[in-house]
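The report below describes a single protein chain, beginning with its surface and then turning to individual residues in its helices.

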Amino acid sequence: MAAVLYRIDKLLGLINPDWSDNWKLMTWVYLVYLPIFAGYVSYAMATYVSIERCLCVSIPFKVKSLITPQLTAGFMTVLSVIVLGSFSPMFFIYTVEYTYNPINNLTVPRVALNDLYYARGQFIPNMYKFLGIFYPAIFCTIMISTSAIIVFHLKKSVENLDRGENAKTSITPTDGVNGRVSTNLTSREVKVTKMLLVVIFVYLMDFFPRLCKYVASFFEPEFFTYRKYHNLWIVMSILFWVLDFINASVNFFIFIGMSSNFRKTFYVIYPRCKPSGKGKH
């Protein structure tokens with residue numbers, strides 16, 4: 001929503017070019033950063049889901065009794081507050097100043113660094129760059145590790161399913177004494193896990209370029225907004241916004257293509273979207 005509001009300047013420009021420029025400058029401080037920070041929040045949530053699924057396929061009986069909807073909601077809330085809160089100082093180092101333009105006989109806004117920035121020096125921008133490296137690196141590492149574990153268990157379960165051992169649970173006497181249980185994934189869990197792996201792969205493809213961007217900015221201080229390489233920074237930022245939009249959009253097609261429950265629910269809500277070749281309920 002923030003990204004859409006920011007781009008209203010194109011519509012305003014059709015009416016009055018000055019309105020377009022004013023809107024972009026007045027909203028840049030808030031509406032440009034917010035989608036970026038929201039993207040990191042979604043990455044954190046996806047990482048939590050990958051950990052949860054990894055535990056579910058590794059130690060299902062223990063995890064399913066511990067991970068409740070309330071616990072998941074609590075973790076999601078805490079992660080959102082931590083990630084968004086850690087980036088929030090960036091909202092407060094810019095200000096919008098108004099200067100008189102004698103050529104157009106108008107008072108026009110411009111973005112400038114405020115007193116907080118000069119009081120803290122480079123601390124806040126450097127923290128932003130560090131977090132831009134830290135979060136993707138941590139999230140990528142966790143997603144890759146959990147994906148490897150999930151693939152290992154998925155392969156074992158698929159082999160068992162192929163041998164006709166779908167959803168069987170084996171408990172030996174020693175297992176009962178020691179409280180250890182080995183189980184196979186059901187065919188439904190295999191499908192859900194495969195879908196999750198595809199979603200994780202899409203997130204990783206969105207992560208990696210962003211990680212490279214902030215690593216470059218960390219070693220080249222001038223590669224940042226309103227610095228020497230401002231234009232290049234903006235171009236790359238726009239590219240990553242496009243990747244974010246693709247990431248957000250492609251998940252719908254992943255779910256409708258790989259999740260029968262999602263597909264069924266979607267066609268119930270939007271029956272006209274149901275392919276004509278499909279049989280009716």
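Phe130, Phe134, Ile138, Val215, Phe218 and Phe219 make a nonpolar surface patch of about 580 Å², where a patch consists of residues with over 30% relative accessible area and no salt bridge, like charges being joined within 9 Å and nonpolar side chains (Val, Leu, Ile, Met, Phe, Trp, Tyr) within 5 Å. A salt bridge here is a side-chain nitrogen of Lys or Arg within 4 Å of a carboxyl oxygen of Asp or Glu, and accessible areas come from the Shrake-Rupley method with a 1.4 Å probe, only the protein chains shown counting as cover for residues.

This is a predicted model, in which local features need pLDDT of at least 70 and side-chain atom pairs count only at pLDDT 80 or more, whereas totals for chains, interfaces and linings use all residues. Residues are numbered from 1 along each chain as its sequence is written, and side-chain values use heavy atoms, with hydrogens and water left out.

The patch draws at least two residues from each of α8 (123–162) and α10 (187–219); helices (H or I, at least four residues) and strands (E, at least two) are DSSP runs numbered from the N terminus. In total the chain has 12 helices and four strands, and 35% of its 281 residues are buried, meaning under 20% relative accessible area, with exposed meaning over 50% and partly exposed in between (1.4 Å probe, protein chains only).

Three helix residues can be set side by side.

| Residue | Helix | Relative accessibility | Class |
|---|---|---|---|
| Phe218 | α10 | 41% | partly exposed |
| Thr146 | α8 | 8% | buried |
| Met76 | α6 (residues 69–87) | 18% | buried |

Thr146 counts as buried because its relative accessibility is 8%, and a polar atom of its side chain lies 3.1 Å from the backbone oxygen of Met143. Leaving aside residues up to four places away in sequence, Thr146 touches Ser50, Ile51 and Cys54, a contact being heavy atoms within 4.5 Å. With the same exclusion, Met76 touches Met45, Tyr48 and Val49; the C-alpha atoms of Met76 and Tyr48, which are 28 residues apart along the chain, are separated by 7.9 Å.

An unreviewed UniProt entry lists several residue ranges as "transmembrane region", among them 71–94 and 133–154, and such annotations may be inferred rather than shown by experiment. In the model, residues 133–154 are 100% helix and 0% strand, with end C-alpha atoms 31 Å apart, while residues 71–94 are 71% helix and 4% strand, with end C-alpha atoms 37 Å apart.

How values were computed
Polar contact = N/O pair within 3.5 Å; in protein donor to acceptor, adjacent residues only side chain to side chain.
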